[in-house]
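Please follow this explanation with the sequence and the three-dimensional view side by side. It takes up a group of paired strands before turning to a pair of helices.

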Amino acid sequence: MTFPWVPRIPPLAPGVIQVHRFTLAAPPARREALLALLTDDERQRASGYFFPVHQERFVVGRATLRLILSPHLGTQPSAVRLRVGPHGKPALHDDTALRFNLSHCEDCAVCAVTTGHDVGIDVEAVRERPLLHQVAQRFFSPVEAQEVLSAPAPAQLRRFLTCWTRKEAFIKACGGGLSIPLDGFQVTTQGPARLLATPWAPDEVERWSLMDVDVGPDHVAALAVGAGNHVVEQVRWEEPG
């Protein structure tokens, strides 16, 4: 089976983090081709979603993940074996240096892939958040909340999303899920992305790098990866015609 919309995926050089941006909306013919890449369990999981749009997003996301990973593994997409970690983070079933993480906001999806370092990525849409103040006060550290809520009104939403994506990316890279509360650590809310404080283990700050990812004016994205000299290489997928 061929997938003509799949871009050329270059090999991963040391220190490179590939960020793939693609859409979870697909025409029927493409969805059928992607559905064939899923396991029986994944097809059953997809059918468990009540709304067709959520079924479609799961199918396209899981199948595209296989298309992204297969060249790095030297195997066919259908042969990529995935498992779910204890906190729900997908991982490769086989022992390999390849690491990845997937995030989506409605139809916009991003996937970060690298070698030798755990990685996390998060993307959010730039749209009004009626409960922004309450969410910031509930889920951000006191310093972060103050920095976000004291920003001028035009900058407040983007600063909120910058903080949120940086924090979510870090949690996903750690694989900690809900075991790491969002207000239990601190990141920068503007300027260069940095992890500032991890009270439970102060040396964690030195073990991680945070980076913003340019995904266009309509979304904000950030990634977290084990500390080192990293270069982000973006791979843009063809939009359905």
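In this predicted model, strand E6, which spans residues 119-125, pairs with strand E10 in the antiparallel sense, and 7 bridges connect the two. One position to locate in this pairing is glycine 120, whose bridge partner in E10 is alanine 224.

Strand E10 also pairs with strand E9, residues 208-213, and here 6 bridges join two strands that again run antiparallel. Alanine 224 of E10 appears in this pairing as well, as the bridge partner of leucine 210. E9 and E10 form a hairpin with 5 residues between the strands, and in this hairpin glycine 216 takes a positive phi near 95°.

How many of the residues of strand E10 are buried? For E10, which covers residues 219-226, the count is 8 of the 8, and because buried here means under 20% relative accessible area, the strand is largely enclosed by the rest of the structure.

The helices offer a second place to look. Helix H4, residues 132-139, and helix H5, residues 142-149, have axes that come within 8 Å and cross at roughly 160°. Since angles over 145 degrees count as roughly antiparallel, H4 and H5 are therefore roughly antiparallel to each other. Where they meet, H4 contributes Leu132, His133, Ala136 and Gln137, while H5 contributes Ala145, Val148 and Leu149. Sorted by class, this contact of H4 with H5 comprises 5 nonpolar and 2 polar residues, with no charged residues.

Methods:
Residues numbered from 1 in each chain as written. Predicted model: local features only at pLDDT ≥ 70, side-chain atom pairs only at ≥ 80, totals over all residues. Heavy atoms only, no water. Buried < 20%, exposed > 50% of the residue type's maximum accessible area, 1.4 Å probe, protein only. Helix = DSSP H or I, 4+ residues; strand = E, 2+ residues; numbered from the N terminus. Pairing = 2+ DSSP bridges. Axes fitted to C-alpha atoms, helices over the stretch in contact; angles between N-to-C directions. Parallel < 35°, antiparallel > 145°, perpendicular 65-115°, else oblique. Contact = heavy atoms within 4.5 Å. Nonpolar A, V, L, I, M, F, W, Y, C, P; charged D, E, K, R; others polar.
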